[in-house]
Structure formats: structure tokens, C-alpha cells
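I opened this model to look up how its helices pack. My notes follow.

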Amino acid sequence: MPAKYLFYKNPHSPGQEEEEGVLHARVVEGQVLRFEKLCEIIADRGTFNEGEVKGIMTFFKEELVRALKDGDSVEIDGIGSFYVTAKCPPIRDPKEIRAESIRFSKVVFRACKELKKEMSSMHFERATDYRKKVAYIPGQRQERILRYLSNHREVTSSDCMGVNVCSRYIAQQDLKLLREEGRIVRLGGPKVAVYVLAEKKEV
């Protein structure tokens with residue numbers, strides 16, 4: 001399935017003249033392939049059952065974290081390498097700071113040439129531009145979310161953006177309203193939140 005894209009104005013630095021009419025393509029975020037679904041797909045394609053795949057993936061994550069915490073980089077053939085960066089307050093002399101003041105900054109992923117070559121065959125198609133037109137009114141959007149949930153175990157804000165051709169803000173507002181009405185339940189934390197249908201209470 002082709003990836004979706006939209007055009008945006010090129011960003012410019014303060015003090016520089018903006019090039020009028022210059023646009024760049026940006027990939028529109030699609031659905032999020034989560035851990036459970038990824039394990040299910042791998043199990044369907046191989047000889048391992050879903051539980052075994054989850055176990056292997058969990059061990060992989062634990063060893064990846066351990067190596068990165070030790071300051072090592074982790075290289076995966078055909079994919080790329082992971083490494084960490086550090087940060088500290090500005091100093092002029094190394095004697096001004098102790099190891100306790102050095103902090104983790106971020107995990108960096110660098111794709112290898114093989115992965116980049118495979119990605120070069122990626123196909124694109126232009127997405128419906130929600131910035132110009134709102135496809136559905138609020139009630140319609142919320143019913144479409146509930147209809148999506150009747151066929152899927154869970155939904156995310158990214159899923160709602162695709163289902164209703166809307167911005168993330170609108171998708172989050174629709175999910176918030178459905179939660180307040182008691183029609184869906186939120187699971188997970190702020191960055192990995194998913195929503196499921198609320199269980200019907202017996203009368």
C-alpha cells in the first residue's frame with residue numbers, strides 16, 4: 001500500500017528571506033504497528049507461535065537496553081545501528097563537572113545502506129488534505145470511530161486521523177468526548193495510548 005504525503009511550505013531560518021511558493025513533501029503518519037500486532041504478524045509468517053515471538057522480542061529489547069546503557073552501539077544486519085548520546089551543563093574545564101552531572105540525552109538510530117536501498121522502492125500517493133476540507137462533522141467522525149472499533153480490537157489517535165481524514169487535535173478531541181460519554185476506555189500511557197470499546201453494563 002502506498003504511503004501518504006502532503007505538501008508543506010519549506011521552513012526558513014530567522015533573518016533569511018522566505019522563498020515564496022517553495023514546498024516540500026512530508027509523509028503523513030499512518031497507522032501505528034504496535035508490539036502485539038507485530039508479534040502476531042511474525043508468528044503467522046513463521047514456525048514460532050505468538051507467545052514465543054513475544055518472548056524473543058522481549059529478550060531483544062532487554063539486551064538492546066543493557067548494551068546501550070553500557071555505552072555500546074548495537075548493529076543489526078540489514079537494519080542499522082543504535083547508539084546513545086549524552087548531555088551536560090555548559091562548562092569550560094572538565095574539572096568543573098562530575099560524572100553524576102552527565103545525563104542521558106537520546107537514542108539515535110542510523111539506517112544502514114541495505115535498508116536505505118530497500119526503502120528506495122517505496123511508493124507514495126497524495127493524501128486528502130484535511131487542512132483544506134473537513135470531511136465529516138463531529139457526530140459522523142465519532143460514529144466512524146465506533147464502527148472502526150467494532151471491527152478492530154483497539155484504535156489510536158493516528159488511526160482516527162486516517163479514518164476521518166482529520167488533524168491529530170481533532171482526533172484527540174473526538175476520543176476525549178467518546179471517553180466522557182463512557183463509550184470507549186483508554187489504555188496505556190500518554191505516548192502509547194490506545195482506546196477500546198467500553199464493556200456494556202448489564203441492566
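I began with α5, whose buried residues pack against α4 and α6. This is a predicted model: local features need pLDDT of at least 70, side-chain atom pairs count only at pLDDT 80 or more, and totals for chains, interfaces and linings use all residues. Residues are numbered from 1 along each chain as its sequence is written, and side-chain values use heavy atoms, with hydrogens and water left out. Helices here are DSSP runs (H or I, at least four residues), numbered from the N terminus.

Next I checked burial in α5. I found 7 of its 8 residues buried, so α5 is largely enclosed by the rest of the structure. Buried means under 20% relative accessible area, with a 1.4 Å probe and protein chains only. Among the buried ones are Ser157, Asp159, Cys160 and Met161. Just after α5, Val165 takes a positive phi of about 50°.

Then I looked up the largest nonpolar core (buried Ala, Val, Leu, Ile, Met, Phe, Trp, Tyr and Cys residues joined through side-chain atoms within 4.5 Å). It has 15 residues, and those touching the most other members include Ile145, Cys160 and Ile184. The elements giving two or more residues to this core are α4 (138-151), α5 (157-164) and α6 (168-180). α4 gives the most, with 4 residues. A second, separate core of 6 residues includes Leu64, Leu68, Val74 and Phe82.

Last, I turned to α1 and α2. The contact (heavy atoms within 4.5 Å) involves Phe35 and Leu38 of α1 and Val53 and Met57 of α2, among others. The crossing of these two helices is right-handed.

Terms used. Buried means under 20% relative accessible area, exposed over 50%, partly exposed in between (1.4 Å probe, protein chains only). A crossing is left-handed if the near helix is turned anticlockwise from the far one by less than a right angle, and right-handed if clockwise.
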